[in-house]
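Me: I would like to go through this structure by question and answer. Please give the reasoning before each result.

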Amino acid sequence: MITRGSVGLAGWAEESRDFTLNFLREMTPGTGGTTAETSEPEKEEANRGGIFCRRCGWRITEESSRITINGLHHHTFFNPAGLLFELGCFRYAPGCLVHGEASGDFSWFAGYLWRVALCGQCSAHLGWRFENQHATFFSLIIPHLKEDS
Ligand SMILES: [Zn+2]
């Protein structure tokens with residue numbers, strides 16, 4: 001659920017702090033979410049290399065979607081509130097819901113507009129989708145994701 005008006009680059013410092021606190025609380029043993037997967041072979045194959053929402057386990061994207069932007073996959077940025085983000089770039093993130101109007105304010109990638117990207121299941125803020133007339137990609141907050149192990 002979106003309960004606040006804005007979770008933009010400038011506006012969600014408080015949200016992020018809440019997320020981190022909630023996340024730490026949820027790290028207690030026995031509360032990890034498990035997702036039921038079908039046993040269909042193709043599905044198992046597709047789940048290899050999956051990248052999931054750390055909070056709820058929803059499948060967000062996969063290893064093969066990793067891309068480089070400006071020569072790097074992994075980027076670190078400060079938002080205007082001074083929070084540091086470790087981001088990984090992905091061509092697709094079908095598990096994300098993209099929220100809000102596209103904005104060019106404080107865009108970390110020159111020439112791109114951004115929209116907030118949320119977990120499609122629990123609405124955790126996972127990053128942003130960047131877009132221009134030629135391309136779109138997702139830049140996702142690495143500590144908010146977990147990989148297959
Ligand atoms: Zn989630």
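The exchange below concerns a predicted model and takes up confidence, one loop residue, a sheet and the core.

Me: What is the average pLDDT of the chain?
Reply: This model is predicted, and its confidence varies along the chain. At least 70 is the score of 68% of the residues, whereas residues 1-7 stay under 50, with nine contacts beyond four places in sequence. Residues 10-40 are also below 50, although the model gives this stretch 28 contacts beyond near neighbours in sequence. Where pLDDT is low, the predicted coordinates should not be read in detail. For the chain, the average pLDDT is 79.

Me: Is Thr68 buried or exposed?
Reply: Thr68 lies in the loop that links strand S2 (59-62) to strand S3 (74-78). Around Thr68 there are 11 other C-beta atoms within 10 Å. A residue counts as exposed at 12 or fewer such atoms, so Thr68 is exposed.

Me: Which residues does Thr68 touch, not counting residues up to four places away in sequence?
Reply: Distance in sequence and distance in space are separate matters here: Thr68 and Phe137 are 69 residues apart in sequence, with 9.9 Å from C-alpha to C-alpha. Contact requires C-beta atoms within 7 Å. Leaving out residues up to four places away, the residues touched by Thr68 are His73 and Cys89.

Me: Which strands stand at the edges of the open sheet of three strands?
Reply: The order of the sheet is S2-S1-S9, and its pairing is antiparallel. Neighbouring strands are turned by 30° against each other on average, direction ignored. Each edge strand has a single partner, so one of its sides lacks a neighbour in the sheet; these strands are S2 and S9 (145-147).

Me: What is the bridge partner of Ile51 in S9?
Reply: Strand S1 covers residues 50-53 and runs antiparallel to S9. Three bridges join S1 and S9. The S9 residue bridged to Ile51 is Glu147.

Me: Which strand gives the largest share of the largest nonpolar core?
Reply: The core holds 24 residues, and Ile60, Cys96, Ala117, Leu126 and Leu140 touch the most other members. At least two core residues come from each of S1, S4 (84-90), S6 (113-119), S7 (125-131) and S8 (136-141). The largest share is five residues, and the strand that supplies it is S6.

Me: Which leucines does Ala117 touch, not counting residues up to four places away in sequence?
Reply: Ala117 is one of the core residues that touch the most other members. Its contacts beyond four places include Ala93, Cys96, Val98, Trp128 and Phe138. The leucines touched by Ala117 are Leu126 and Leu140.

Technical notes:
Residues numbered from 1 in each chain as written. Predicted model: local features only at pLDDT ≥ 70, side-chain atom pairs only at ≥ 80, totals over all residues. pLDDT = per-residue confidence, 0-100. Contact = placed C-beta atoms within 7 Å. Helix = DSSP H or I, 4+ residues; strand = E, 2+ residues; numbered from the N terminus. Buried ≥ 20, exposed ≤ 12 C-beta atoms within 10 Å, placed from the backbone. Pairing = 2+ DSSP bridges. Axes fitted to C-alpha atoms, helices over the stretch in contact; angles between N-to-C directions. Core = buried A, V, L, I, M, F, W, Y, C linked by C-beta atoms within 7 Å.
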